[in-house]
Structures are given as structure tokens and as C-alpha cells.
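I opened my notebook to look up, one item at a time, a few places in this structure and to write down what I found. I kept each entry short enough to check against the picture.

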Amino acid sequence: MTNIDRDALRAQLGRIGVWSVAAGHLNADDERKAVGEIERLGYRTLWLSETLKEVFAHAGLALAASRSMVVATGIANIWMRQPQAMASGARVLADAYPGRFVLGLGVGHPGFAPGYERPLAAMREYLDEMDADRPPAVRMLAALRPKMLELAAARSGGAVPYLGPVEHTALARQELGPDPVLAPELAIVLDADAGRARQIARDYLRVYLELSNYTNNLRVLGFADADFADGGSNRLVDAIVGWGDVDAVVERVRAHQEAGADHVAIQPLSADGGVALDTLADLAPALLA
């Protein structure tokens with residue numbers, strides 16, 4: 001069982017956060033400026049991925065560039081480092097920035113990590129080794145399917161689902177029960193033109209729809225091979241990506257909250273693949289009120 005104070009974690013994350021894969025493509029100076037602007041706009045939490053930047057160094061950069069914003073890893077891949085190294089890195093940041101760091105752990109995807117096998121058993125064993133030394137920093141697990149959600153509920157503060165429609169958020173809440181924190185990612189496009197918005201969404205979705213972790217989860221929700229082709233069918237795109245004007249995007253965020261999300265991490269998409277600070281600025285008054 002976890003000894004994480006989940007009510008404190010809910011308050012720590014806030015209701016709305018920002019998920020930014022794009023920040024990982026910026027140089028350090030540009031990322032400092034982007035982080036400062038995201039904080040200035042009033043967003044409480046920033047989720048950073050482990051793509052081009054080592055995740056603890058990346059989180060440390062963002063923490064140093066902000067004053068009070070929470071920085072969470074989305075995700076720190078368990079195949080990238082030994083459990084003791086993961087626990088130690090998390091403790092250093094949690095100690096240096098009290099109340100401002102959350103460790104998001106995940107198993108990643110086959111083909112992207114040498115030795116990937118038995119993801120559920122591997123995560124369970126990994127947590128056992130992390131916990132064998134000292135109490136861990138606050139952590140959450142990337143989880144989509146029931147067994148991983150069950151593990152997240154038992155061994156962490158909660159779950160961080162990625163690339164799921166509102167229906168998945170409802171199922172995840174059912175699997176987790178009422179206490180664990182549920183913090184889904186939600187990709188958004190602030191554009192009311194259906195053609196433009198869906199094209200931006202497809203450019204983003206294309207790589208994910210080649211990964212079995214996501215497609216298998218989406219099959220359970222009623223999608224099929226035809227929905228995964230060419231960046232996604234209109235039905236799939238519209239289910240996963242919240243697009244439209246400010247009111248439409250806010251409505252999608254609220255739908256995830258009504259389905260059981262404690263925290264929604266919006267990931268703004270843009271045609272140029274950038275951080276989309278203009279989108280975050282346009283949405284802030286409505287989302288953060």
C-alpha cells in the first residue's frame with residue numbers, strides 16, 4: 001500500500017496542468033522562457049516527457065526556471081535507469097523543491113526500450129526495489145488497462161493515462177476507485193476549422209497509432225483497424241483530441257472532469273509543433289477561472 005497523501009497530491013497538481021512534449025525540443029534558454037510564461041499564465045503543473053532530454057535534468061531545468069509551479073515527469077521510463085537511481089533522482093528534486101516535484105513512472109513501449117517484457121510484472125518488481133531503501137518521492141503511474149490501473153491505485157498516488165477519450169477516463173475512475181488521483185492527458189487544438197484542426201491532430205496522432213499499447217486500449221473502447229489508418233478516422237480524432245474554439249475545448253476538459261478526472265493535463269498542439277503558448281494564453285481565462 002502507498003503512504004502518499006492523495007488529497008495533498010490533488011491540491012499540489014491543481015485541476016488543470018500543461019503537458020508539453022514540445023518543450024523537450026527547445027534549447028535551455030528558450031525552455032526557461034516558455035516555462036516562465038506558462039507559470040505566469042497561471043497553470044499550476046507542467047508535465048515533461050523523456051524524449052530528447054533526460055527526464056530528471058529536464059525537470060530540474062523547469063523547476064529552476066519557475067517559482068512555485070509543480071513539475072511532473074510524464075513519464076520517467078523504468079527501462080532507462082535502475083530503480084535505486086530512479087528513487088534517488090526523484091528524492092533529490094523533491095528535497096530541493098519541496099512540494100513541487102511529482103514522479104510519473106511508466107513502462108513505455110515495445111521497440112523503444114531494450115529488454116522490454118512483462119510490463120505489469122516489471123513495474124511491480126521495479127516498485128518493490130524502489131521502496132526497499134527509503135520512502136519514495138510522491139509518484140504516479142502511467143496506466144491504461146485495468147491491471148496497471150489497479151497497481152497504480154495500490155502502489156502510487158494515482159494514474160496518468162495518455163491518449164484516451166472521455167470514456168477511458170470514466171473507466172479508469174471505476175477501476176481506481178474514489179481515492180487515487182486520476183490525471184489524464186488531453187491533446188487540444190484551438191481552431192474551429194475542422195479541416196485544419198483534424199490535420200494538426202493527425203500529425204500528432206500518427207506515431208502513437210503505430211504503438212500497440214495505445215491501439216489495444218482503443219480497441220477495447222470500440223475502435224478498429226480502420227480507425228487507426230492515416231493518422232486516425234474522424235471519429236477517433238474527435239474522440240481523443242479536443243478541438244474547436246475556446247468554449248469547445250473547455251467543454252472537453254470539463255467532460256473529463258465530470259468522468260472522474262481530478263486533474264487534466266492539456267497538451268496544446270500547433271501546426272509548427274511548438275509549445276503553443278498563444279493557445280495556453282487564450283484558454284487560461286476560461287480554464288483557470
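**Entry on S66.** I began with the side chain of S66, which reaches the backbone oxygen of A62 at 2.9 Å, and I kept in mind throughout that this is a predicted model. The side chain of S66 also makes a polar contact of 2.5 Å with the side chain of R100. I then asked myself where S66 lies, and I found it in the loop between helix 3 (55–64) and strand 3 (70–73). Is S66 buried or exposed? I noted that S66 counts as buried because its relative accessibility is 9%, and the cut-off for buried is under 20%. Leaving aside neighbours within four places in sequence, I listed V35, E39 and R100 as the residues in contact with S66.

**Entry on strands 1, 2 and 3.** I next followed strand 2 (residues 45–48), where T45 and W47 point one way while L46 and L48 point the other way, and all of them are buried. This fits what I had read, that in a regular strand the side chains alternate between the two faces of the sheet. I looked up the partners of strand 2 and saw that strand 1 (residues 16–20) pairs with strand 2 in the parallel sense over 4 bridges, with T45 as the bridge partner of G17. Between these strands the chain passes through helix 2 (residues 28–41), and this β-α-β crossover is right-handed. Strand 2 also runs parallel to strand 3, joined by 4 bridges, and here T73 is the bridge partner of L48. I recorded that strand 2, helix 3 and strand 3 make a right-handed β-α-β unit.

**Entry on aromatic rings.** How many aromatic pairs are there? I wrote down a count of 8, and I picked out F56 and F101, whose pair is tilted, with 6.3 Å from centre to centre and 50° between the planes. This pair links distant parts of the chain, since F56 sits in helix 3 and F101 in strand 5 (residues 101–106), 45 residues apart. F56 counts as buried because its relative accessibility is 11%, and F101 counts as buried because its value is 3%. I also noted one aromatic cluster formed by W19, W47, Y162, Y204, Y208 and Y214.

**Entry on salt bridges.** A search of the whole structure gave me 20 salt bridges, and I looked up a few of them. In one, the side chains of E54 and R81 meet at 2.9 Å, N to O, and this pair joins the loop between strand 2 and helix 3 to the loop between strand 4 (76–77) and helix 4 (83–96), 27 residues apart. E54 is partly exposed, with a relative accessible area of 37%, whereas R81 is buried, with a relative accessible area of 14%. In another, R118 and E125 meet at 3.5 Å, N to O; R118 counts as partly exposed at 48% relative accessibility, and E125 counts as partly exposed at 39%. I closed this entry with D7, R10, R173 and D262, which are linked in a network of salt bridges.

**Entry on helix 6.** Which residues of helix 6 (residues 146–155) are buried? I listed M148, L149, L151, A152, A153 and R155. What covers them includes helix 1 (6–13), helix 5 (119–131), strand 6 (139–141), strand 7 (158–159) and helix 7 (166–176).

Note on methods. Residues are numbered from 1 along each chain as its sequence is written. This is a predicted model: local features need pLDDT of at least 70, side-chain atom pairs count only at pLDDT 80 or more; totals for chains, interfaces and linings use all residues. Side-chain values use heavy atoms; hydrogens and water are left out. Helices (H or I, at least four residues) and strands (E, at least two) are DSSP runs, numbered from the N terminus. Buried means under 20% relative accessible area, exposed over 50%, partly exposed in between (1.4 Å probe, protein chains only). A polar contact is a pair of N or O atoms within 3.5 Å; within protein, one must be able to donate a hydrogen and the other to accept it, and residues adjacent in sequence count only if both atoms are side-chain atoms. Contact means heavy atoms within 4.5 Å. Rings of Phe, Tyr and Trp (its six-membered ring) pair if their centres lie within 6.5 Å; planes under 30 degrees apart count as stacked, over 60 as edge-to-face and the rest as tilted. Two strands pair if DSSP finds at least two bridges between them. A crossover is right-handed if, with the strands pointing away from the viewer, the path from the first strand over the helix to the second runs clockwise. A salt bridge is a side-chain nitrogen of Lys or Arg within 4 Å of a carboxyl oxygen of Asp or Glu.
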